[in-house]
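Colleague: Could you walk me through this one, as I have only just opened it?

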Amino acid sequence: MSNPYTGTVASALRKAQLLLQSSAQAGDTPLLEASLLEAAVVQLWRGYRGFLAEQGHQMQLGFATGAEPETAHALAHLVAQRGKFSAEANELVSLAENPDSWFAGLCGAWHRLWALSVSSATTSSPASGVQSVIPVRQLDDLGRSVATSDQPLTRERVQEWYQGLSELIQRQRAHSQEW
């Protein structure tokens with residue numbers, strides 16, 4: 001029986017790889033590079049979520065399309081509910097709980113992607129009485145658009161996350177095939 005999520009995972013990883021390669025060619029256009037890196041983070045997160053669903057399908061956990069597990073903890077909970085054991089799900093939970101793992105960096109970047117920025121530019125101008133709703137950004141700070149000031153989003157960091165996710169998927173798939 002083929003797994004319907006395997007193609008999603010492969011597609012997301014390939015897109016992330018292509019976005020990383022394109023970001024390396026962005027040259028002196030920091031906005032383009034930041035955009036490509038953010039898009040790579042989206043694809044890595046899509047690959048991770050797809051892999052959770054792939055694992056759940058492989059273990060025949062019986063979730064409906066659209067109700068796939070969104071976290072490693074949700075996957076582990078489904079495994080336990082069905083009275084099964086999965087070393088792979090346990091590894092995913094351990095990875096998610098480790099604040100020093102590559103996954104913690106990816107997870108943080110994903111959450112920062114969706115965080116709304118608030119700027120001092122949202123204060124009313126006394127002269128016009130008009131309130132600006134467009135946040136002000138320093139153009140030389142575009143590489144930090146997803147990360148905090150002490151952890152900029154760099155090609156190297158996103159490449160590390162890509163490698164970590166790719167290796168995890170390959171290792172867990174190989175282990176599953178042994179059984």
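Colleague: Let me start with the first thing that caught my eye: are α1 and α2 roughly parallel or roughly antiparallel to each other?

Modeller: They pack at an angle of about 160°, with their axes 8 Å apart, and α1 and α2 are therefore roughly antiparallel to each other. Angles under 35 degrees count as roughly parallel, over 145 as roughly antiparallel, 65 to 115 as roughly perpendicular and the rest as oblique. The axes are lines fitted to C-alpha atoms, for helices over the stretch in contact, and the angle runs from 0 to 180 degrees between N-to-C directions. Please keep in mind that this is a predicted model, where local features need a pLDDT of at least 70 and side-chain atom pairs count only at pLDDT 80 or more, while totals for chains, interfaces and linings use all residues. Residues are numbered from 1 along each chain as its sequence is written, and side-chain values use heavy atoms, with hydrogens and water left out.

Colleague: Which way is the crossing of α1 and α2, left-handed or right-handed?

Modeller: The crossing of α1 and α2 is left-handed, a word used if the near helix is turned anticlockwise from the far one by less than a right angle, with right-handed for clockwise. Among the residues of α1 that make the contact are Val 9, Leu 13 and Leu 20, and α2 contributes, among others, Leu 36, Leu 44 and Phe 51; contact here means heavy atoms within 4.5 Å.

Colleague: Stepping back, how many helices and strands are there in the protein chain?

Modeller: The protein chain has six helices and zero strands, where helices (H or I, at least four residues) and strands (E, at least two) are DSSP runs numbered from the N terminus. As for how the chain meets itself, residues 24 or more positions apart account for 62% of the contacts with a separation of 6 or more.

Colleague: And how much of the protein chain counts as buried?

Modeller: Of its 179 residues, 37% count as buried, which is to say under 20% relative accessible area, with exposed over 50% and partly exposed in between (1.4 Å probe, protein chains only). The protein chain exposes about 10500 Å², and carbon and sulfur atoms supply 54% of that area.

Colleague: Changing topic, how many salt bridges does the count come to?

Modeller: The count comes to three salt bridges, taking a salt bridge to be a side-chain nitrogen of Lys or Arg within 4 Å of a carboxyl oxygen of Asp or Glu. One of them joins Glu 33 and Arg 155, with the closest N and O atoms 2.8 Å apart. That pair links distant parts of the chain, since Glu 33 is in helix α2 (residues 30-58) and Arg 155 in helix α6 (residues 155-178), 122 residues apart.

Colleague: Which residue does the side chain of Arg 173 meet in a salt bridge?

Modeller: The partner of Arg 173 is Glu 54, at 2.8 Å from N to O, and this pair again links distant parts of the chain, with Arg 173 in helix α6 and Glu 54 in helix α2, 119 residues apart. Glu 54 is buried at a relative accessible area of 5%, whereas Arg 173 counts as partly exposed at 27%.

Colleague: Then what does Glu 91 form a salt bridge with?

Modeller: Glu 91 pairs with Arg 171, the closest N and O atoms being 2.2 Å apart. Glu 91 sits in helix α4 (residues 87-97) and Arg 171 in helix α6, 80 residues apart. Arg 171 is partly exposed, with a relative accessible area of 44%, and Glu 91 counts as partly exposed at 27%.

Colleague: Now the loop after α2: what is the phi of Gln 60 near?

Modeller: The phi of Gln 60 is near 55°, a positive value in a residue other than glycine. Most residues other than glycine have a negative phi. Gln 60 is found in the loop between α2 and α3 (72-81), and is exposed, with a relative accessible area of 55%.

Colleague: And Val 79, is that buried or exposed?

Modeller: Val 79, which lies in helix α3, is buried at a relative accessible area of 4%. Leaving aside neighbours within four places in sequence, Val 79 is in contact with residues including Met 59, Leu 61 and Phe 85.

Methods
Accessible areas come from the Shrake-Rupley method with a 1.4 Å probe; for residues, only the protein chains shown count as cover.
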